[in-house]
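I opened my notebook for this one and kept the entries short. Come along and check each of them against the coordinates.

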Amino acid sequence: MQIVVDLNRCQGYAQCVFLAPQVFELHGEEALLYVPAVPDGQDEHVRRASAACPVQAITVGEQAGGDAGVQ
């Protein structure tokens, strides 16, 4: 599973950090770091983090960032 965060959309609410701390990390007050390739066992945490994002900045999928969301 892959993830992409639209850092222009991200507002630093850090809901993702609370729900998937092994994948998302907040540096300072607004700088979000994340692991694009989700580690084993973290899929459900990442899905919950994506759903909890107030600004829908997280895209989750097998090829997020490539063809994800294109119909």
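Here are my entries, in the order in which I looked things up.

**Entry 1: the model.** I began with confidence, as this is a predicted model. The average pLDDT of the protein is 88, and 87% of the residues score at least 70. I then looked for the weak stretch and found residues 67-71, where pLDDT stays under 50. For that stretch the model has two contacts beyond four places in sequence.

**Entry 2: the layout.** I counted two helices and four strands. Along the sequence they follow the pattern β-α-β-β-α-β. I also looked up how the contacts are spread: among those between residues at least 6 apart in sequence, 61% join residues at least 24 apart. Of the 71 residues, 30% are buried.

**Entry 3: strand E1.** I followed the side chains along E1 and saw them alternate. Ile3 and Val5 point to one face and are buried. Gln2 and Val4 point to the other face and are not buried. Next I asked myself how E1 and E4 pair, and over how many bridges. They run in the antiparallel sense, with four bridges. Glutamine 2 has glycine 61 as its bridge partner in E4.

**Entry 4: the core.** I turned to the largest nonpolar core, which has 16 residues. Which of them touch the most other members? I noted Cys16, Phe24 and Val46. E1, H1 and H2 are the elements that give two or more residues to this core.

I stayed with phenylalanine 24 and listed what it touches, leaving out residues up to four places away in sequence. Ile3 and Val5 are on the list, and these are the two buried residues I had noted in E1. Cys16 and Val46 are there too, along with Val17, Leu32, Leu33, Tyr34, Ala49 and Ile58.

**Entry 5: the two sides of helix H2.** I checked burial along H2 and found Val46, Ala49 and Ser50 buried. They cover an arc of only 100° around the axis, so they sit on the same side of H2. On the other side, Arg48 and Ala51 are exposed. I then asked which elements the buried residues of H2 pack against. My list reads E1, H1, strand E2 (24-27) and E4.

**Entry 6: a salt bridge.** How many salt bridges does the count come to? I got one. It joins arginine 48 to glutamate 44, with the closest N and O atoms 3.5 Å apart. Both residues are in helix H2 (residues 43-52), and because they are four residues apart they are separated by about one helical turn. Arginine 48 is one of the exposed residues from my previous entry, while glutamate 44 is partly exposed at 42% relative accessibility.

**Entry 7: positive phi.** I scanned the backbone for residues other than glycine with positive phi and wrote down alanine 14, at about 70°. Alanine 14 is in the loop between strand E1 (2-5) and helix H1 (15-19). Is alanine 14 buried or exposed? I noted a relative accessible area of 11%, so alanine 14 is buried.

I wrote down glutamine 56 as well, with a positive phi of about 55°. Glutamine 56 lies in the loop between H2 and strand E4 (58-61).

How values were computed
Residues numbered from 1 in each chain as written. Predicted model: local features only at pLDDT ≥ 70, side-chain atom pairs only at ≥ 80, totals over all residues. Heavy atoms only, no water. Salt bridge = Lys/Arg side-chain N within 4 Å of Asp/Glu carboxyl O. Buried < 20%, exposed > 50% of the residue type's maximum accessible area, 1.4 Å probe, protein only. Core = buried A, V, L, I, M, F, W, Y, C linked by side-chain atoms within 4.5 Å. Contact = heavy atoms within 4.5 Å. Pairing = 2+ DSSP bridges. Arc of directions from axis to C-beta. pLDDT = per-residue confidence, 0-100.
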